[in-house]
Amino acid sequence: MYETLEEEINSHVDYVLHEPTLKNFVQPREWEEVEHTDLSLNPVFIAIYDINFKLVENSPNLVQNKLEWNKNQAEQTPFYANYNSIQMLISQAKLIHHGEVVGYLVVGISTKHNQLALDYLQKALLLIFPISLIIIFLLARFIASKFIKPVFNVIHTAQSISENNLSERIILPRNKDELYQLSTTINSLLDRLEFQIIKAKQFSSDASHELRTPLAVIKGTLEILIRRERTTEEYNEKINYTLKQVNRLYNLVEQFLLLSRVENNSLQLTSSDFDIKNEILSSIERFQILLDEKQIEVNTTELSPENLTNYKEFIEIIIDNILSNAIKYVHLKGEITISSVTENNLYDLIFEDNGIGMSEDDLKFVQDRYFRIQDESMLNVSGYGLGLNIATKLAQLTNAKINITSTQGKGTKIVLTFILK
């Protein structure tokens, strides 16, 4: 609207200014233009006065009141005024020809159409704005719920996890964003937590299971012992029997503690240099009483010395458990052969016996915890089914491999392989 007003002012001022001979204040056919004749379509009202402020020209659409020159308003500075109850935006300017003021120009534009447009816009906004707010609210809520859903999944999973229900895991979001990383981290934490709790439960169950028998034997023996007076020989016999059970209980606890430390990675690993043959000979010496009781011969003629850099304490336990296992299942006057083979930077330590052996089914589970061979001839053999299980776990820590082969009724062969440096 301001641009239209300025264009009209400049058009008339320039016309009068540049006319060689001023015969008329307006251009020919000026009043025939639509904005000067029509009242309904953006009308432009014009009034021209001479130097005595006498009306000289006016647009045809200005039929009632005159647009009078306002001496209190500056030239070419738009201002609002009411004419015949119609608000107009008005601007006025002097008409100059050859440097002399020859008249005065007043141009007005009705603001009715603009006001109508504003009214329509206001009504539209009053209607559209609340609807838009509702739509935006619903859309924002939908989007927010979609993005927050993984967060609620995390909360729901966390609330549903208990000591008896550790299998719940957070459903991973499709987008691999920060929430995906958080969910993955929490799932990994739950995996570790479940593993530790399962191990704790397993240790508790294993301990209670295995400790119950020797404790029951000790309790029963002592109860029998105090029922009546006994001879010195009877007391000594029962006490010695009880001490055997105590020793069995002590060894069992030691095995449990070692197994627990292995599984929890709490063992301190310190490597050292040692001769593996010397460790074998020391282990044989530790079991010499048991070997003599069963008259078992141990053949080490094919065992060659070899210097290893490894965890000596672990290797001792592995050798002791393998040798102890062989002694248990070898018949009276049996034979155990310990030999070695060095090839391609590998050192194979081989234990062979001519004991009862194992079936193919037994061989699948022999390294599992508490597994024992079901053989009627060996029902009186003591043990907890932990030896080979501990040996296998320690072998993993020492980067060694255990391979077991066996033939039922003929014997068992265990190969312990070390990598030479």
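Below is a chat about how some labels in this predicted model were reached.

User: What makes up the chain overall, in helices, strands and buried residues?

Analyst: The predicted chain has 10 helices and 12 strands. Of its 421 residues, 35% are buried. Among contacts with a separation of 6 or more, 61% join residues 24 or more positions apart.

User: How many aromatic pairs turn up in the whole structure?

Analyst: Three of them. One is F53 with W69, at 6.4 Å centre to centre and 50° between the planes. F53 sits in the loop between β1 (44-50) and β2 (55-58), while W69 is in the loop between β2 and β3 (79-83), 16 residues apart.

User: Why is the pair of F53 and W69 called tilted?

Analyst: Ring centres have to lie within 6.5 Å to pair, and planes that are neither under 30 degrees nor over 60 degrees apart count as tilted. F53 and W69 come in at 6.4 Å and 50°, so they pair and the pair is tilted.

User: And why is the pair of F53 and Y104 called stacked?

Analyst: The F53 and Y104 ring centres are 4.4 Å apart and the planes meet at 15°. Stacked needs an angle under 30 degrees, so this pair gets that name. F53 is in the loop between β1 and β2 and Y104 is in strand β5 (residues 100-110), so the pair ties together parts 51 residues apart in sequence.

User: How do you know whether F53, W69 and Y104 are buried or exposed?

Analyst: Buried means under 20% relative accessible area, and exposed means over 50%. W69 has 16%, so W69 is buried. Y104 has 11%, so Y104 is buried too. F53 has 34%, which falls in between, so F53 is partly exposed. F53, W69 and Y104 form one aromatic cluster.

User: What makes K71 count as sitting over the ring of F53?

Analyst: The charged end of K71 is 5.3 Å from the centre of the F53 ring. The distance cut-off is 6 Å, so K71 meets that part of the test. The other part is an angle within 35 degrees of the ring normal, and K71 is listed as sitting over the ring.

User: How do you know what span is expected for helix α8?

Analyst: The rule is 1.5 Å times one less than the number of residues. Helix α8 (residues 312-329) has 18 residues, and the expected value is 26 Å. From first C-alpha to last, α8 reaches 26 Å, close to that expectation. Its buried residues include F314, I318, L323 and Y329.

User: Which element gives the most to the largest nonpolar core?

Analyst: That's α8, with eight residues. The core has 36 residues, and I276, I280, I318, I336, I338, L349 and F351 touch the most other members. Apart from that core lies another, of 18 residues, among them I9, V16, I46 and I109.

User: What makes K333 and N344 exposed?

Analyst: Exposed means over 50%. K333 has a relative accessible area of 59%, so K333 is exposed. N344 has 68%, so N344 is exposed as well. K333 lies in the loop between α8 and β9, and N344 in the loop between β9 and β10.

User: What is the phi of K333, and of N344?

Analyst: Phi is near 65° for K333, a positive value in a residue other than glycine. For N344 phi is near 55°, again positive in a residue other than glycine.

Notes:
Residues are numbered from 1 along each chain as its sequence is written. This is a predicted model: local features need pLDDT of at least 70, side-chain atom pairs count only at pLDDT 80 or more; totals for chains, interfaces and linings use all residues. Side-chain values use heavy atoms; hydrogens and water are left out. Helices (H or I, at least four residues) and strands (E, at least two) are DSSP runs, numbered from the N terminus. Buried means under 20% relative accessible area, exposed over 50%, partly exposed in between (1.4 Å probe, protein chains only). Contact means heavy atoms within 4.5 Å. Rings of Phe, Tyr and Trp (its six-membered ring) pair if their centres lie within 6.5 Å; planes under 30 degrees apart count as stacked, over 60 as edge-to-face and the rest as tilted. A nonpolar core is a set of buried Ala, Val, Leu, Ile, Met, Phe, Trp, Tyr and Cys residues joined through side-chain atoms within 4.5 Å.
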